[in-house]
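Work through the exercises below with the model open. Try each task before reading its solution.

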Amino acid sequence: LTIGRSGDVGIGNTAPAYPLQVGKSGGTIAMGDATTGNGSSRFKFIGSNSVKNWQISQNDTISGALEIMPSTAGGGSTFTTPAMLITDTGNLGLGTSGVPTVFNTGAKILQIHSPSTSYSELSLTNGDTGATGSDGLLITQAGVNAYINNREVGDLTFQTSSAVRAT
């Protein structure tokens, strides 16, 4: 352990260049000890007194999930609802505090949930389409209705087994 003149701390490094530096060409930081039980591990980013702060945690609100969540208020240090979670089976949830539901065993799912409005959208863009709000392909769930919108001048094609079924 080294504490430099400027207060920088080095672990496995005798000349730290950052406030905390682990190792020289690589390092590992372990949170918790799995042999003592199933606890939670957290990294908190408390850097603002006016906008929301952030936390990355594991096993915090959902067992077995990695969660990224904003504070409940601007400048806050309380974290209760994940903005994104990745389950231990590889499923990804955005805007949901529950584990994404899988209907087929072994399937992977991306769940986008908007609890405060009746709209959830997935926008796909690339280098040819551009990246503004009016570019690319938009899949929208609006209340009980669903929409697929190609916002470009190209075709929208449906295929099965590599054969075009509808354009």
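**Exercise 1.** Work out the strand order and the pairing sense in the open sheet of three strands.

*Solution.* The order is β10-β11-β12, and the pairing is antiparallel. Strands are DSSP runs of E, at least two residues long, numbered from the N terminus. Two strands pair if DSSP finds at least two bridges between them. β10 (119–124) and β12 (145–150) are the edge strands; each has a single partner, so one side of each lacks a neighbour in the sheet. From one strand to the next, the twist averages 10°. The angles are taken between N-to-C directions, run from 0 to 180 degrees and use axes fitted to C-alpha atoms.

This is a predicted model: local features need pLDDT of at least 70, side-chain atom pairs count only at pLDDT 80 or more, and totals for chains, interfaces and linings use all residues. Residues are numbered from 1 along each chain as its sequence is written, and side-chain values use heavy atoms, without hydrogens and water.

**Exercise 2.** Find the bridges that β11 makes with β10 and with β12.

*Solution.* Start with β10: β11 pairs with it over six bridges, antiparallel. Serine 120 has glutamine 141 of β11 as its bridge partner. Now take β12: β11 (residues 137–142) pairs with it antiparallel, over six bridges. Threonine 140 lies opposite tyrosine 147. Isoleucine 139 is bridged to isoleucine 148. Two residues separate β11 and β12 in their hairpin, and glycine 143 in the turn has a positive phi of about 60°.

**Exercise 3.** Which side chains of β11 are buried, and which are not?

*Solution.* In a regular strand, side chains alternate between the two sheet faces. Leu138, Thr140 and Ala142 point to one face and are buried (under 20% relative accessible area, 1.4 Å probe, protein chains only). Leu137, Ile139 and Gln141 point to the other face and are not buried.

Technical notes: Helices (H or I, at least four residues) and strands (E, at least two) are DSSP runs, numbered from the N terminus. Buried means under 20% relative accessible area, exposed over 50%, partly exposed in between (1.4 Å probe, protein chains only).
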